[in-house]
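Colleague: I would like a close look at a single part of this model, with the terms spelled out as you go. Please take one helix and its surroundings, and tell me what it packs against.

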Amino acid sequence: EYFYKQNKELLEKRRKELGETMLESPDFAIQELGDLARRCLPSQIGKDLLEEAKAWPKDPQVVKARKARAIFEPVKEAASELAGKGKATDPKFAGRYARQIQAISGGASKLRKEHPETKFCREAAKFADELGIRLDP
C-alpha cells in the first residue's frame, strides 16, 4: 500500500506504457504487468493490475499478436542466418540457402496475408527486401 501511495503516478504511467506495448510485445507486457502487480500486493491497485494482467492474454488482439509472433520467429531466425552472406538474386546463394529463403518468403507472405497491421509483418518484409527475396503478392 505504501509503495502504491508513494508511486501512484509512476505506476499509472508504466501501466499505460505496457498497454501500448502489448500488441508489439505481448508476452513481455503481460509479464511486466504481472510483476508490477505483485510488487503492489496486497493493495487494491495490485489486485486490479493482477486482474488486468490475467485478462490481457485472452484479449483477441493479443491472441492475434501472439500468432503473428509465432509466424515471425522462424523468419527472424532464418534472416539472421543469412545476414551479410549475399542476396537471393544470386543463383549460388539461392541454391545454398534455399531452406532459409523459403522460410523467410513463406513466413513473410503469411504475415502479410493474415497479420498485415503488425510490427512482425513489417519486419519480415524488411528482412525479405534486404535479402532480395521477392514476396508473393
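Modeller: What follows is a walk along one helix, its neighbours and the core around it.

This is a predicted model, in which local features need pLDDT of at least 70 and side-chain atom pairs count only at pLDDT 80 or more, while totals for chains, interfaces and linings use all residues. Residues are numbered from 1 along each chain as its sequence is written, and side-chain values use heavy atoms, with hydrogens and water left out.

The part I have chosen is helix H6, residues 98-114; helices here are DSSP runs (H or I, at least four residues), numbered from the N terminus. The 17 residues of H6 should span 24 Å at 1.5 Å a residue, and the end C-alpha atoms of H6 are indeed 24 Å apart, in agreement; the expected span is 1.5 Å times one less than the number of residues.

Buried residues (under 20% relative accessible area, with a 1.4 Å probe and protein chains only) in H6 are Gln 100, Ile 101, Ile 104, Ser 105, Gly 107, Ala 108, Ser 109 and Leu 111. They pack against helix H4 (60-82), helix H5 (91-96) and H7, where contact means heavy atoms within 4.5 Å. Ser 105 counts as buried because its relative accessible area is 12%, and, leaving aside residues up to four places away in sequence, Ser 105 touches Ile 133, Arg 134 and Leu 135.

With helix H7 (residues 119-130), the axes come within 9 Å and cross at roughly 145°; axes are lines fitted to C-alpha atoms over the stretch in contact, and angles run from 0 to 180 degrees between N-to-C directions. From H6, Ile 104, Ala 108, Leu 111 and Arg 112 meet Phe 120, Cys 121, Ala 124, Ala 125 and Ala 128 of H7. The residues of this contact divide into eight nonpolar, no polar and one charged, with Ala, Val, Leu, Ile, Met, Phe, Trp, Tyr, Cys and Pro counted as nonpolar, Asp, Glu, Lys and Arg as charged, and the others, Gly among them, as polar.

The largest nonpolar core (buried Ala, Val, Leu, Ile, Met, Phe, Trp, Tyr and Cys residues joined through side-chain atoms within 4.5 Å) has 21 residues, and those with the most contacts inside it include Ile 101, Ile 104 and Leu 111, as well as Leu 82 and Ala 124. H4, H6 and H7 each supply at least two residues of this core, the largest share, seven residues, coming from H4. Leu 82 touches several residues, among them Gln 100, Ile 101 and Ile 104, not counting residues up to four places away in sequence.

Terms used: Buried < 20%, exposed > 50% of the residue type's maximum accessible area, 1.4 Å probe, protein only.
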